[in-house]
Amino acid sequence: MENLENIKNRAEKELVSAQNSEEIKKVFRKYLGKDGEITRILRSLKDIQEQKRKAVGKSANQIKQELEQKIEIKKKAISAVIEKGKSKKQMDISRPGHKISIGHIHPITKVKKEVEDIFERLGFSVVEGPEVETEWYNFDALNIPANHPARDMWDTFWLRQNESKVQNPKSKINTKSQRLLLRTHTSPVQVRYMEKHNPPLRIIVPGRTFRYEATDASHEINFYQAEGLMVDKEISAANLKAIMEKFFEMFFKQNVGIRLRPSFFPFTEPSFEVDVQCVVCKGKGCSVCSKRGWLEMAGAGMVHPQVFKSAGLNPREWQGFAFGMGLDRLAMMKYKIDDIRLLYKGDLRFLEQF
Ligand code: FA5
């Protein structure tokens, strides 16, 4: 019995100091294995005197059970420590983190913000209009009735063939076509705004526009424009020219040549194309301006009396100029991009340069 107590104490001590599963196994083999000390005692019970056999057997079995339990507990404790160590490894806080790639503003958005900023400084308010437009605002209200040949200049994507016509309460023209389309220019916002706001007014309307046309280096089917509109009692083409010159000077941060070329728009009279001398080649001719030395940046003119009428204003009372500028073309010249299609490819190697 004394020997058993001894064995028990030694086994427990060794188990306490075991550091890993190998050392636990060693304790098990030494005391409970095939040739373990406790196993040997249990095997030799038959040789012990009968009076002592029962007590020794009982005590040896009890020690065996206790030691087995303690070994199990120790095994679990060791595996818990190992797991903890493993998970610590997965969260190595000293390890340098993954670099988060930061996006940046698209060149067209940059240009749009700059245009807004410059015109705000010139006293214009920034206004928005819908990309899905009615036939009325995109064409009819701008003096382009159905079947007018000028509609070919702005062929678009039609969304719904609903021919219903609705009374326009303010306008002298008594029908309002409700067929829906993707707007071909930002000009519809001229009428939308003047219907709700009385002059004098100065607005700039940046936004997305769409056209059904073949693409090339300077034409996309989806592009951006900024409409400008200034209405007051005495506005002339001289005001238009002055604002255009000031804007391009502020935008390109240098004196740039501009020219007003006579043109035709049904919603302005007289009408012009505003060309800017290429700032890349200084007018000599390069790939950005298609060797012309000039790039057409905007259509413009004096607001047609019919447009005032569409908005419910008296054309004898008010005068104004309007223009529609291509934001993509501005970005192309500013950043020396020779193909508009690059702006819409989503190729990061290209976009990350700006
Ligand atoms: C218009 O869209 C008229 N609404 C402009 C206007 C407004 C005239 C107010 C008078 C008064 P135009 O189709 O020319 O006009 O387009 C104006 C500008 O948009 C062009 O000078 C050009 O810079 C740009 N633009 C036109 N079509 C495309 C295209 N497919 N891709 C890229 N930019 C284009």
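This note sets out numbered points on a predicted model.

1. Overall dimensions. The protein has 354 residues and a radius of gyration of 43 Å, whereas a compact globule of that length would have a value near 20 Å. The C-alpha trace spans about 135 × 55 × 35 Å along the principal axes. One pair of residues illustrates the separation within the model: Lys8 and Val303 are 107 Å apart in space, C-alpha to C-alpha, and 295 residues apart in sequence. Lys8 belongs to helix α1 and counts as partly exposed, because its relative accessibility is 22%, and the cut-off for a buried residue is under 20%.

2. Secondary structure and burial. The protein contains 11 helices and 12 strands. Buried residues make up 43% of the 354 residues.

3. Helix α10. This helix comprises residues 327–335, and seven of its nine residues are buried, so it is largely enclosed by the rest of the structure. The buried residues are Leu327, Asp328, Arg329, Leu330, Ala331, Met332 and Met333. The list therefore includes the charged residues Asp328 and Arg329 alongside Leu327 and Met333.

4. The residue that follows α10. Lys336 comes just after α10 and takes a positive phi of about 55°. This is a positive value in a residue other than glycine. Lys336 is placed in the loop between α10 and α11 (348–351). With 56% relative accessibility, Lys336 counts as exposed, whereas seven residues of the preceding helix α10 are buried.

5. A second positive phi. Lys253 is not a glycine, yet its phi is positive, at about 55°. Lys253 sits in the loop between α8 (237–252) and β9 (258–265). Its relative accessibility of 67% makes Lys253 an exposed residue.

6. Salt bridges as a whole. Side chains of opposite charge can pair when their charged atoms come close. A search of the whole structure gives 22 salt bridges. Individual examples are taken up in the next three points.

7. Glu14 and Lys30. These two side chains form a salt bridge with an N to O distance of 3.0 Å. Glu14 is in helix α1 (residues 2–17) and Lys30 in helix α2 (residues 21–32), so the pair ties together parts that are 16 residues apart in sequence. Glu14 is partly exposed, at 27% relative accessibility. Lys30 is likewise partly exposed, with a relative accessible area of 36%.

8. Asp35 and Arg40. The side chains of this pair meet in a salt bridge at 3.9 Å, N to O; the cut-off for a salt bridge is 4 Å. Asp35 counts as exposed, at 53% relative accessibility, while Arg40 is partly exposed, with a relative accessible area of 42%.

9. Arg151, Asp140 and their network. Arg151 and Asp140 form a salt bridge through their side chains, with an N to O distance of 3.1 Å. Each of the two lies in the loop between α6 and β3, so the pair ties together parts that are 11 residues apart in sequence. Are Arg151 and Asp140 buried or exposed? Both are buried. The pair also belongs to a network of salt bridges that links Glu135, Asp140, Arg151 and Arg179.

10. A negative surface patch. Asp152, Asp155, Glu213 and Asp216 form a negative patch on the surface. One of its members, Asp155, lies in the loop between α6 (135–138) and β3 (158–160). Asp155 counts as partly exposed, because its relative accessibility is 36%. The loop between α6 and β3 thus holds the patch residue Asp155 as well as Arg151 and Asp140 of the salt bridge described above.

11. Cis peptide bonds. Which residues does a cis peptide bond with omega of about 5° join? The bond joins Pro199 and Pro200. Pro200 is found in the loop between α7 (188–196) and β7 (201–210). A cis peptide bond also runs from Glu269 to Pro270, with omega near -5°. Pro270 lies in strand β10 (residues 268–277), whereas Pro200 lies in a loop.

Technical notes: Residues are numbered from 1 along each chain as its sequence is written. This is a predicted model: local features need pLDDT of at least 70, side-chain atom pairs count only at pLDDT 80 or more; totals for chains, interfaces and linings use all residues. Side-chain values use heavy atoms; hydrogens and water are left out. Patches are made of residues with over 30% relative accessible area and no salt bridge: like charges are joined within 9 Å, nonpolar side chains (Val, Leu, Ile, Met, Phe, Trp, Tyr) within 5 Å. Accessible areas come from the Shrake-Rupley method with a 1.4 Å probe; for residues, only the protein chains shown count as cover. The place of a charge is taken as NZ of Lys, CZ of Arg, CG of Asp or CD of Glu. Helices (H or I, at least four residues) and strands (E, at least two) are DSSP runs, numbered from the N terminus. Buried means under 20% relative accessible area, exposed over 50%, partly exposed in between (1.4 Å probe, protein chains only). The radius of gyration is taken over C-alpha atoms; the globule rule is 2.2 Å times the number of residues to the power 0.38.
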